[in-house]
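Please look through the sequence and the model below before reading on. The report that follows takes up one residue and then a group of strands.

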Amino acid sequence: MADTTDPSFVLAQRILDLAYEKKAFSPRIFDVAKLFGYTDFVVILSGRSDRQVRAIADHVSSTLKTEDKVFPIGIEGEDVGQWVLMDYGDVVVHLFNGPVREYYELDGLFHDAPALKIPEPAWEAEMRGGAFDHPAYTP
């Protein structure tokens, strides 16, 4: 279990909360601090379309800059929106369009890392059985 007072954990949780404001889904947070030297947490999220992925990335980065004074080391893929990588040093964020996430199976790369328990967002249950009832959109 991650230390909830750890600044890296607080940032990962803040990123998750901001992404939820734009209806991101299938959240995963991996505690990779003991496995990798380059970051403490990896956050993986999905959006329903390239446009939504770009909106989530923009909202996270702009809000962290203006409200929290937290700036990324780098952001890649924001112009396309299929896979956006946001590097905040101690927290690395991967935002995917659902089918792209399924294709690359990035979640499987972190199978040795503890996955933090995250409550499912309310809108995720609403998606099941609908147009987004596809493996790529299932947590």
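## Surroundings of Asp-31

Leaving aside residues up to four places away in sequence, Asp-31 touches Ala-2, Asp-40, Phe-41, Ala-113, Pro-114 and Leu-116, where contact means heavy atoms within 4.5 Å. The model is predicted, with local features needing pLDDT of at least 70 and side-chain atom pairs counting only at pLDDT 80 or more, while totals for chains, interfaces and linings use all residues. Residues are numbered from 1 along each chain as its sequence is written, and side-chain values use heavy atoms, with hydrogens and water left out.

Asp-31 is found in strand 1 (residues 25-31), strands being DSSP runs (E) of at least two residues, numbered from the N terminus. Asp-31 is buried (under 20% relative accessible area, 1.4 Å probe, protein chains only), yet has no salt bridge, and the nearest side chain of opposite charge, Lys-34, is 6.7 Å away. A salt bridge here needs a side-chain nitrogen of Lys or Arg within 4 Å of a carboxyl oxygen of Asp or Glu. The side chain of Asp-31 does reach the backbone nitrogen of Ala-33, at 3.4 Å.

## Strands 3, 4 and 5

Strand 4 (residues 83-87) has alternating side chains: Val-84 and Met-86 point to one face and are buried, whereas Trp-83, Leu-85 and Asp-87 point to the other and are not. Two strands pair if DSSP finds at least two bridges between them, and the two antiparallel hairpins are set out below.

| Hairpin | Residues between the strands | Positive phi |
|---|---|---|
| strand 3 and strand 4 | six residues | Gly-77, near 85° |
| strand 4 and strand 5 | three residues | Gly-89, near 80° |

Three bridges join strand 3 (residues 74-76) to strand 4, with Leu-85 as the bridge partner of Glu-76. Five bridges join strand 4 to strand 5 (residues 91-97), where Leu-95 is the bridge partner of Val-84.

Notes. Helix = DSSP H or I, 4+ residues; strand = E, 2+ residues; numbered from the N terminus. Buried < 20%, exposed > 50% of the residue type's maximum accessible area, 1.4 Å probe, protein only. Lys, Arg positive; Asp, Glu negative; His and termini not counted. Polar contact = N/O pair within 3.5 Å; in protein donor to acceptor, adjacent residues only side chain to side chain.
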